[in-house]
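Open the model in your viewer and keep the selection tool at hand. This tour goes stop by stop: what to select, then what is there.

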Amino acid sequence: MNKIPILLLTACMLSLRFVPAQAAEEAAPILVPTSAVLPFEARGRQAENDQAGKSVSDLLFVTLLENGAANLVERAELDKALNELHLSAAGLVAPESQLQLGRLIGAKILISGSLFETGGKKYVVAKVIGTETSRVLGCSVNGRGDYVDLVPELAAKVTKVLEKDVDKLLPAK
């Protein structure tokens, strides 16, 4: 009779010993390479959308920073690199310009995008680009409110791409 409680106690202690290791594996952060959020291109009513594009990219940057989804390049470094390359936000449309910028600032991943309105709905499209491979993944959101109201949903989708599919954007090892 004395052996049963000892065996139960031993089994419980052994199972507890493996729980923290398992929990640590589940909580391990997903490593995402250094990324940069570029200004989003506005399409349509330019004056109104230009400001919205800047606001969307700024809010996306802050949201990704707060949720720890990526190591991000400081905005001042990005602006400095833009000046060095003699580019403006409008000059980033060409993929070659985006890739050159990414390499200059040390970002392995660039996040750029556009916003536009059609059929009474507003759309924000994000492109997640690998600077070493030129591969592109994307996601989008839409709604009827302001563009900035769409940022939390967009940030969640971008985070999912960064966590789940980042290997598709990087060179094969």
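What follows is a walk through a predicted model, from a helix to the core, the strands and the salt bridges.

**Stop 1: helix H5**

Select residues 151-165. This is helix H5, with 15 residues. From its first C-alpha to its last it reaches 20 Å, close to the 21 Å expected at 1.5 Å a residue.

Now show the side chains. Which residues of H5 are buried? They are Val151, Leu154, Ala155, Val158, Thr159, Val161, Leu162 and Asp165. Keep the helical repeat in mind as you turn the view: an α-helix has 3.6 residues a turn, so residues three or four places apart point the same way.

**Stop 2: the largest nonpolar core**

Stay on Leu154 and Val158, then add Phe40, Leu60 and Val124. These five touch the most other members of the largest nonpolar core, which holds 31 residues. Next, colour the elements that feed this core. Helix H2 (46-67), strand E3 (109-118), strand E4 (121-130), strand E5 (136-143) and H5 each supply at least two residues. Which element gives the most? H5 does, with six residues.

Then select Ala36, Val73, Ala81 and Leu101. They are among the ten residues of a second, separate core. As background, nonpolar side chains tend to be buried together in soluble globular proteins.

**Stop 3: Ser57 in H2**

Move to helix H2 and pick Ser57. Is Ser57 buried or exposed? Ser57 counts as buried because its relative accessibility is 0%, and the cut-off for buried is under 20%.

Look for its polar partner. A polar atom of the Ser57 side chain lies 3.0 Å from the backbone oxygen of Lys54. Now show the surroundings. Not counting residues up to four places away in sequence, Ser57 touches Val37, Leu38, Pro39, Phe40 and Arg75. Phe40 you have met already, as one of the residues that touch the most other members of the largest core.

**Stop 4: strands E3, E4 and E5**

Select E3 and E4 together. They run antiparallel and are joined by ten bridges. For one rung, pick Phe116: its bridge partner in E4 is Tyr123. The two strands form a hairpin with two residues between them. In that turn, Gly119 has a positive phi of about 60°.

Pick Leu110 in strand E3. Leu110 counts as buried because its relative accessibility is 0%. Draw a distance to Gly130. The two C-alpha atoms are separated by 6.5 Å, although the residues are 20 apart along the chain.

Add E5. Eight bridges join E4 to E5, and this pair also runs antiparallel. Return to Tyr123: its bridge partner in E5 is Asn142. Tyr123 thus has a partner on each side of the E4 selection: Phe116 and Asn142.

**Stop 5: Ser134**

The hairpin of E4 and E5 has five residues between the strands. Select Ser134 in that loop. What is notable about its backbone? Phi of Ser134 is near 65°, a positive value in a residue other than glycine. Most residues other than glycine have a negative phi. Ser134 counts as partly exposed, with 39% relative accessibility.

**Stop 6: the salt bridges**

How many salt bridges does a search of the whole structure find? It finds three. Take them in chain order.

- Glu41 and Arg43: their side chains meet at 3.5 Å, N to O. Glu41 is partly exposed at 31% relative accessibility, and Arg43 is partly exposed at 43%.
- Lys108 and Glu132: the closest N and O atoms are 2.9 Å apart. This pair links distant parts of the chain, 24 residues apart. Lys108 is in the loop between helix H4 (95-105) and E3, and Glu132 is in the loop between E4 and E5. Lys108 is partly exposed at 34%, as is Glu132 at 43%.
- Asp165 and Lys168: the closest N and O atoms are 3.4 Å apart. Lys168 is partly exposed at 49%.

**Last stop: Asp165**

Stay on Asp165, which brings you back to helix H5. Asp165 counts as buried because its relative accessible area is 17%, where the limit is under 20%. Leaving aside neighbours within four places in sequence, show its contacts: Leu137 and Lys160.

Methods
Residues are numbered from 1 along each chain as its sequence is written. This is a predicted model: local features need pLDDT of at least 70, side-chain atom pairs count only at pLDDT 80 or more; totals for chains, interfaces and linings use all residues. Side-chain values use heavy atoms; hydrogens and water are left out. Helices (H or I, at least four residues) and strands (E, at least two) are DSSP runs, numbered from the N terminus. The expected span of a helix is 1.5 Å times one less than its number of residues. Buried means under 20% relative accessible area, exposed over 50%, partly exposed in between (1.4 Å probe, protein chains only). A nonpolar core is a set of buried Ala, Val, Leu, Ile, Met, Phe, Trp, Tyr and Cys residues joined through side-chain atoms within 4.5 Å. Contact means heavy atoms within 4.5 Å. Two strands pair if DSSP finds at least two bridges between them. A polar contact is a pair of N or O atoms within 3.5 Å; within protein, one must be able to donate a hydrogen and the other to accept it, and residues adjacent in sequence count only if both atoms are side-chain atoms. A salt bridge is a side-chain nitrogen of Lys or Arg within 4 Å of a carboxyl oxygen of Asp or Glu.
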